[in-house]
Amino acid sequence: MKIAVCVSHVPDTATRIKVGDDGKTIDQTGVTYVVNPYDEFAIEEALKTKEALGGEVVAISLGGDQNKETIRKALAMGVDSGVLLKDDSQRDSLSVAKALAEEIKAQGAEIVFFGKQSVDYDNSIVGQLTAELLGYNSVTVAVSLKIEGDKVVAEREIEGGKEVVETTLPVVITAQKGLNEPRYASLKGIMAAKRKTIEEKPAAEFESKVEVIRMKKPPEKAPGKIVGTDASAAAELVRLLREEAKVI
Amino acid sequence: MANKILVFLEQRNGEVKKASLQAYKAAEQLAGFFGSEVEAVTIGSEINGLENVGAFGIKKVTFFKNEQLANYSSSAYSKILTNFAKETGADGFVFSNTSMGKDLAPRVAVGLDAGIAMDAIAFEKEGDSVVVTRPVYAGKALVDVVIKSQNKVFTVRPNVFDAGEAGEGQAEVDVREAGDVDLSVKVTELKTSEGKLDVAEADIIVSGGRGLKGPENFKMLEELADLLGGAVGASRAAVDAGWRPHEDQVGQTGKTVSPNLYIAVAISGAIQHLAGMRSSKYIVAINTDKDAPIFQVADYGIVADAFEVVPALIEEVKKIKS
């Protein structure tokens, strides 16, 4: 069984975001990049799936050379090989999905994992788009997964609960926190990763239908009011919330 | 989008979601730019009082009905909606950015070969284009995007567009039997936490952080949230400590929320947390550290011990509720 996991390379969540000089992307000064946090759950689930069903796992990432760090991390965790679809441009999610779908098809992967969203552009759609382009079934925001033979049963998180979803292979799963506990890369894993290959090739080009015309800071909030410095302020706070803000 | 804009009305357990009514208002704004028509479409088995969505200005709803579609099916729902858009010649499709909307909208976008913009918080007309404003980096920045393709799909963030007060009026409901549905992906069971309000849907959230020292101390937050008709949220620190489930986590690796009132109790306000809640309409911070970053986004702050302030707040709220 060929298993693919698609990973992205994103600014650490502790990053302070500043708008860059081009007015369309972030200022890269001092920004540390990491494996997209949700992709760690995707990588772990891909490895668990391989352990249960056999086969091999390939990590695929679309982006610049720096994405190799994230692929390398996946290899250190136990992924067998990596593919970097090289592209330094800004492209929209649909165009990313089209390039990934081509590669997944070429790899012959029948089980494909994504993180439920990348914490940079927060679209949370590349998994679904890729599934639809491939004609694969899919379950998004998965918090549990069982694959037996051809049959897939997953739970996905929804507002106030979970949906139990049944489907069949081939399938795309997008991972939510809670799906598993991602393993740490062992020293042996890190050493082994150095000997694994990352295939590099240009990402297939597709026209972007969505264009970012500007990036801006969120509106500043006016400074708030300190209502008090002990519990006696509770009465005044309730009055303000009721009469001034009118929210309770 | 000079032709027609469709709005997907999402139902769960036969109830139309408030977020869908808000999405309709957003679609009306889009339609106003180009003088296009707006109509609604929904899918399900039985839907309670569907015609009553007319009270929110919806004139026409097409209801694709099939008893196997009471629960969500990504395969069936996306095919029905894609075909319906093609049949009606709609070139705009609006969803709410809920777990169903997020799952469904991109599939429809592929079906219509449409550009897609997610999680819109504002629309503006610039020349002949619609500029969509959406948060990125969990709200640490915003981008303005333009969809260049003829067909366009949008999702709109819940609680940003106002559905308005219910007025008079009933919608024309066109019920169509949905036959021969593709159930290759199917929800077989809905596990909802009985009576639990999700932070993503709550108008009021009382959220707790590491400063609460242990899971037992969330009881007072639950009491306060109950009194206010709200939900209890948590910071990542509280979730990572195992005090609260991940579904309650607010922040960059949890949920992004925009309630009317967000009360942050003993939360210092790490940048990841602020990212997830700063678009709340009113923010209250209760923290002993006057320099905590949470106070920079708060409308009202009390610099004091949560263990004293929260019980006092509970008493005050009880007074006004009685």
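The exercises below work through a predicted model, first chain A and then the domains of chain B.

**Exercise 1. Chain A as a whole**

Task: State how many helices and strands chain A has, and what box its C-alpha atoms fill.

Solution:
- Step 1. Counting the elements of chain A gives six helices and 13 strands.
- Step 2. Taken along the principal axes, the box filled by the C-alpha atoms of chain A is roughly 65 × 45 × 40 Å.
- Step 3. Chain A has 248 residues, and 50% of them are buried.
- Step 4. Take the contacts in chain A between residues at least 6 apart in sequence: 72% of these join residues at least 24 apart.

**Exercise 2. Helices α2 and α5 of chain A**

Task: Describe how α2(A) and α5(A) pack, and decide which class their angle falls in.

Solution:
- Step 1. Two packed helices are described by the angle between their axes and the distance between the axes.
- Step 2. Helix α2 of chain A covers residues 67–77 and helix α5 of chain A covers residues 187–195; the angle is about 125 degrees and the axes are 7 Å apart.
- Step 3. Angles of 65 to 115 degrees count as roughly perpendicular and those over 145 as roughly antiparallel, so an angle between these ranges is oblique.
- Step 4. The pair α2(A) and α5(A) is therefore oblique, and its crossing is right-handed.
- Step 5. On the α2(A) side the contact has R72(A), L75(A), A76(A) and M77(A), and on the α5(A) side G189(A), I190(A) and A193(A).
- Step 6. By class, the residues of this contact are five nonpolar, one polar and one charged.

**Exercise 3. Burial along α2(A)**

Task: Find how many residues of α2(A) are buried, and what follows the helix.

Solution:
- Step 1. Of the 11 residues in α2(A), nine are buried, and the helix is mostly covered.
- Step 2. Among the buried residues of α2(A) are N67(A), T70(A), I71(A) and K73(A).
- Step 3. R72(A), L75(A), A76(A) and M77(A), which meet α5(A), are also buried.
- Step 4. After α2(A) comes G78(A), with a positive phi near 130 degrees.

**Exercise 4. Helices α3 and α4 of chain A**

Task: Describe the crossing of α3(A) and α4(A), then place A131(A) in the picture.

Solution:
- Step 1. Helix α3 of chain A spans residues 93–107 and helix α4 of chain A spans residues 126–134; their axes come within 8 Å and cross at roughly 50 degrees.
- Step 2. This angle makes α3(A) oblique to α4(A).
- Step 3. The crossing of α3(A) and α4(A) is right-handed.
- Step 4. Residues of α3(A) in the contact include L94(A), A97(A), A101(A) and I104(A), and those of α4(A) include V126(A), L129(A) and L133(A).
- Step 5. The contact of α3(A) with α4(A) has 10 nonpolar, two polar and two charged residues.
- Step 6. A131(A) belongs to α4(A), and between A131(A) and A101(A) there are 7.8 Å from C-alpha to C-alpha, although they are 30 residues apart in sequence.
- Step 7. A residue is buried if 20 or more other C-beta atoms lie within 10 Å of its own; A131(A) has 29 and is therefore buried.
- Step 8. Leaving out residues up to four places away in sequence, A131(A) touches Y136(A), S138(A) and V172(A).

**Exercise 5. The domains of chain B**

Task: Give the bounds of the domains of chain B and describe their contact.

Solution:
- Step 1. Domain 1 of chain B runs over 4–177 and domain 2 over 199–321.
- Step 2. Taken over C-alpha atoms, the centres of domain 1 and domain 2 of chain B are 31 Å apart.
- Step 3. Domain 1 of chain B gives six residues to the contact and domain 2 of chain B gives eight.
- Step 4. The side of domain 1 of chain B that touches domain 2 has two nonpolar, two polar and two charged residues.

Technical notes
Residues are numbered from 1 along each chain as its sequence is written. Chains are lettered from A and ligands numbered from 1 in the order in which they are written. This is a predicted model: local features need pLDDT of at least 70, side-chain atom pairs count only at pLDDT 80 or more; totals for chains, interfaces and linings use all residues. Domain bounds come from an automatic or database domain assignment. Two residues are in contact if their C-beta atoms, placed from the backbone, lie within 7 Å. Ala, Val, Leu, Ile, Met, Phe, Trp, Tyr, Cys and Pro count as nonpolar, Asp, Glu, Lys and Arg as charged, and the others, Gly among them, as polar. Axes are lines fitted to C-alpha atoms, for helices over the stretch in contact, and angles run from 0 to 180 degrees between N-to-C directions. Helices (H or I, at least four residues) and strands (E, at least two) are DSSP runs, numbered from the N terminus. Angles under 35 degrees count as roughly parallel, over 145 as roughly antiparallel, 65 to 115 as roughly perpendicular and the rest as oblique. A crossing is left-handed if the near helix is turned anticlockwise from the far one by less than a right angle, and right-handed if clockwise. A residue is buried if 20 or more other C-beta atoms lie within 10 Å of its own, exposed if 12 or fewer, and partly exposed in between; C-beta atoms are placed from the backbone.
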